[in-house]
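Have the model open in a viewer, with side chains available as sticks. The stops below are given as selections, each followed by what is there.

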Amino acid sequence: MVKYKLDGEKTKEAVEAALEKYRMYMLTVPDEFLPRVTQTYSLVPPSQTNAFHSSTEDIAVKRADFDREKYKYMEKIHRAVNRLTKLQRELIVKRYMTFEEPRDCDVYNDMCISESKYYREREKAFYKIAFALGIEVYKEEETPV
């Protein structure tokens, strides 16, 4: 019989990756979504649709789609973090949701909590976020029948 058990380490990695993605969304806009300044040459076969093809328009559409996905993703993160306790929310926001990238010790010292309490609360917060986002990771375990 196969039984599924939560894989704590991979789940924590998934949450850290999700929070890092959030930080990157805050900080960056990919170059491919910016209009090109230099002229490019390409062979475009003639079309009978009379539709005008503009790379600037294509980029604007891609940019709008990207922005919509980015804001949707960021809103999911906000909803998940808002489900945490006050302490857990403060910890996650200070550590993962700012432009700076503080070290763990900076955060727990700033919050005036012990290192062990910091890591316990962070782990609880990670699990809550993982379940809220649906990114928890399971591993299979064989159980004797």
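Contact here means heavy atoms within 4.5 Å. The model is a predicted one.

**Stop 1: Arg122**

Select Arg122, which lies in helix α5. With neighbours within four places in sequence set aside, Arg122 is in contact with Glu16, Leu91, Tyr96 and Asp104. Is Arg122 buried or exposed? Its relative accessibility is 15%, so Arg122 counts as buried, the limit for buried being under 20%.

**Stop 2: α3 against α5**

Now show helix α3 (residues 86–96) together with helix α5 (residues 115–133). The axes of α3 and α5 are 9 Å apart, and the two helices pack at an angle of about 90°. Angles of 65 to 115 degrees count as roughly perpendicular, and α3 and α5 are therefore roughly perpendicular to each other.

To see the contact itself, select Leu87, Gln88, Leu91, Ile92, Arg95 and Tyr96 on the α3 side. On the α5 side, add Lys117, Tyr118, Glu121, Arg122, Lys124, Ala125, Phe126, Lys128 and Ile129. Colour this selection by residue class: the contact of α3 with α5 has 8 nonpolar, 1 polar and 6 charged residues.

**Stop 3: a salt bridge inside α3**

Stay on α3 and select Glu90 and Lys94, which form a salt bridge with their closest N and O atoms 3.0 Å apart. Both residues lie in helix α3, 4 residues apart, or about one turn of the helix. Glu90 counts as partly exposed at 30% relative accessibility, and Lys94 is also partly exposed, at 27%.

**Stop 4: other salt bridges**

How many salt bridges does the count come to? It comes to 13 salt bridges. One to pick out is Glu123 with Lys12, where the closest N and O atoms are 3.9 Å apart. Glu123 is in helix α5 and Lys12 in helix α1, so this pair ties together parts that are 111 residues apart in sequence. Glu123 is partly exposed at 33% relative accessibility, whereas Lys12, at 19%, counts as buried.

Next select Arg103 and Asp106, whose side chains meet in a salt bridge at 3.2 Å, N to O. Arg103 counts as exposed, with 54% relative accessibility. Asp106 is partly exposed, with a relative accessible area of 34%. Then select Glu16, Arg95, Asp104 and Arg122, which are joined into one network by salt bridges that share partners. Arg122 is the residue from the opening stop, where Glu16 and Asp104 were listed among its contacts.

**Stop 5: α1 against α2**

Finally, show helix α1 (residues 8–27) and helix α2 (residues 55–82). Their axes are 10 Å apart and the helices pack at an angle of about 130°. That makes α1 oblique to α2. In which sense does α1 pass α2, left-handed or right-handed? The crossing of α1 past α2 is left-handed.

For the residues that meet, select Ala18, Leu19, Lys21, Tyr22, Tyr25 and Met26 in α1. Opposite them in α2 are Phe66, Lys70, Tyr73, Met74, Ile77 and His78. With the colouring by class kept on, the contact of α1 with α2 has 9 nonpolar, 1 polar and 2 charged residues.

How values were computed. Residues numbered from 1 in each chain as written. Predicted model: local features only at pLDDT ≥ 70, side-chain atom pairs only at ≥ 80, totals over all residues. Heavy atoms only, no water. Axes fitted to C-alpha atoms, helices over the stretch in contact; angles between N-to-C directions. Parallel < 35°, antiparallel > 145°, perpendicular 65-115°, else oblique. Left-handed = near helix turned anticlockwise from the far one by under 90°. Nonpolar A, V, L, I, M, F, W, Y, C, P; charged D, E, K, R; others polar. Salt bridge = Lys/Arg side-chain N within 4 Å of Asp/Glu carboxyl O. Buried < 20%, exposed > 50% of the residue type's maximum accessible area, 1.4 Å probe, protein only.
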